[in-house]
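Visitor: I'd like a close look at one part of this structure, the place where the ligand sits. Could you walk me through what surrounds it?

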Amino acid sequence: MTTTDETRSPGALEAELERMLAVETFDPPAGFTRRGPIDADVAAAAADPVAFWADKARELLTWDKPFTKVLNEENPPFYKWFEDGELNLSANCLDRHVDAGNGDRVAFHWAGEEGERLAVTYADLLAETQRLANGLRSLGVGRGDVVGIFLPMIPQVAAAMLACARIGAVHNVVFGGFAATAVKERMEVSDAKVLITVDGARRKGRTAPVKSAVDAEMGELASLEHIIVVEAVGAAGLGGQRAPMKAGRDVWYADLLAAADPVCPAEPMPAEAPLFILYSSGSTAKPKGILHTTGGYLLGATYTYRAVFDLDPATDVYWCSADVGWITGHSYIVYGPLANGATSVMYEGAPDYPDYDVWWKLIDEYKVTVFYTAPTAIRACIKWGAEYPDRHDLSSLRLLGTVGEPINPKAWLWYHKVIGGERCPIVDTWWQTETGAIMISPIPGVTSTKPGSATRPLPGYSPALVTEDGQPLSEGVGVLVVTKPWPSMLRTLYKDDERFVETYFSRFGPTTYLVGDAARLDADGYFWIIGRIDDVINVSGHRLSTAEVESAIVAHEAVAEAAVVAQADEQTGQAIVAFVTLSGGRIGDDATVAELREHVAARIGKLARPKRIIWADDLPKTRSGKIMRRLLRDVAEGRALGDVTTLRDPAVMAALATKVAEAG
Ligand code: WT7
């Protein structure tokens, strides 16, 4: 059933989208009425952003000890926000709603892959969080200790994050799709004391034995004292045997909670106390441990969630389809929604299981009003066809969002028409793990949108474009920077201040944050993100480093050398292409391709598997030995070769180009 009751003929939809491509600007849909006022924020932030953030911090957050200092900029780029204030983040996300009489409100409508349903109220989540916090304490976890979290999309993941925050421990969540090797690496570099994981994770009708995979890797980690295991699938899910447990080290989540005191008062934490580390990919093979702190981060997530999703916590049902393991999940599944007292859907599974309509079925079932997803997911839905959403009543939706990569106008229009029924504003939200919160986005009901543009900065933020040598640009193409500190900015890279300064604050000095994206600014002041300026690949909105994938490939015994580049991809935005030289001048076959792909999956995760592997006798290098990735990208994308005169051996490129052309 469509919202208009018409039956769509595929050709008609296609033709209509084609026509709509000519429309450049969409005014806010007439039927959309904004609930939260915003004009005063825009004016206040323009007049004095620091005072604006101070006012918001007092208005939106509950402080145990009010701050008197707002921003400390004595030692840029090491900024401090609200430094003499104290608050607890789990108290802001849970206790204050329960205290206000909203304990019975649903925090998460959890939907399991096999049709299970569970409503977790704010009171439930508070109770679980307190017990787990005490359980963590009983294992010796205290302030500043790092706790790893490697869990699928189950309610315990939110409790785990909040329990850490409650006692001042620092969480380090690893995306459930990563391989155990990547988990180990992240536990090792962050000195994690405890890891919270699961016995097994379900995915599309199959179960991955997570705990035994983790065990195989985690053995020799000195810092790791305990592993807490959520029994999510049980013996039945694991072929008859419960997950292996090591005496003295491992403890079942349920046993830990049962033995724990139910009351755990939230510890007042200094605003600048570390809250979490989230590893993200950078220009080198070593992931960056992006560190966020308590007060500023929560303010960023709380304010932007309110402003961008225009939420009425009493009536809206919100759903963000991301995974908690990414920053989107941290800020817009857990902290932003909970701090605002919102009701969310949390879905365990994939968008195409048991069938392609599972998302739309859930939207109908829960009467979701606000839906936030990624362009790559929308493109997959387009491929599957409008008949799947058309089977369900999506009329509850009032607002749609996207994040993670530039959205192509065609996907934007399909989302607008097929999912939003042309009634819902679309917020294309630009931000990063480093920014902690959305920075550029339309304000729904206010900003006119242009498909493909994240539009304008939100109140309180100062993204800007500069030329290669740092001159401000008011229009045109340039390098994206942020010219003023903001509360939810990363504070450093974990235990690596030097790399923090080098990566973000060396090119244009210590007060100008280098984003890592190129962008275009149009005559209306709208930002159009072009893509990364560093060696980072964006596959389906997931950030991967070319160097990290290269080092995984090179670790295979048959490989002599590898170079990884991005290739434009209709489905995933970008795809990974690997140019590989095998030892002994060998040329690989299909079996070698499969083996290398599997090898990368085992070391990083499935999402890092190269889509294409091209065998190369040699790689194009400068005279100083640096691989020229730009040229490889030209070859992969079938472009004419540019200037090859700086190469040590220009013939290498001609040979490669011929080979790729022959392979089609
Ligand atoms: C990079 C950050 C923010 C959560 C998901 C990714 C790209 C993100 C958009 C957008 C165009 C976008 C940028 C950015 N990006 N949102 N709306 N339009 N590009 O977080 O892994 O830290 O990646 O994703 O290139 O730098 P992340």
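**Around the ligand**

Guide: Sure, let's start with the make-up of the shell around the ligand: its residues split into 8 nonpolar, 9 polar and 5 charged. Keep in mind that you're looking at a predicted model. In total, 22 residues surround the ligand, and the closest are Trp430, Gln432, Thr433, Ile529 and Arg543. Now, which parts of the fold do the shell residues come from? Helix H12 (327–339) supplies at least two of them, and so does each of three strands: E20 (426–429), E25 (513–521) and E26 (527–532).

Zoom out a little and look at the domains. Domain 1 covers 83–452 + 486–515, domain 2 covers 531–663, and the ligand lies between them because both give residues to the shell.

While you're zoomed out, look for the open sheet of 8 strands, which has mixed pairing and runs in the order E12-E11-E8-E6-E7-E14-E15-E24. Its edges are strand E12 (250–252) and strand E24 (492–493), each pairing on one side only. Inside that order, E8 (residues 194–198) and E11 (residues 226–230) pair in the parallel sense over 5 bridges. One of the partnerships to find by eye is Val198 with Val230 in E11. Helix H8 (residues 210–218) packs on the sheet here, touching both E8 and E11, and its direction makes about 145° with that of E8.

One more stop: Pro409, in helix H16 (residues 409–419). Pro409 counts as partly exposed because it has 17 C-beta neighbours inside 10 Å. Beyond its neighbours within four places in sequence, Pro409 is in contact with Leu21, Pro451 and Gly452.

Definitions and conventions. Residues are numbered from 1 along each chain as its sequence is written. This is a predicted model: local features need pLDDT of at least 70, side-chain atom pairs count only at pLDDT 80 or more; totals for chains, interfaces and linings use all residues. A residue is near a molecule or strand if its C-beta atom, placed from the backbone, lies within 6 Å of it. Helices (H or I, at least four residues) and strands (E, at least two) are DSSP runs, numbered from the N terminus. Ala, Val, Leu, Ile, Met, Phe, Trp, Tyr, Cys and Pro count as nonpolar, Asp, Glu, Lys and Arg as charged, and the others, Gly among them, as polar. Domain bounds come from an automatic or database domain assignment. Two strands pair if DSSP finds at least two bridges between them. Two residues are in contact if their C-beta atoms, placed from the backbone, lie within 7 Å. Axes are lines fitted to C-alpha atoms, for helices over the stretch in contact, and angles run from 0 to 180 degrees between N-to-C directions. A residue is buried if 20 or more other C-beta atoms lie within 10 Å of its own, exposed if 12 or fewer, and partly exposed in between; C-beta atoms are placed from the backbone.
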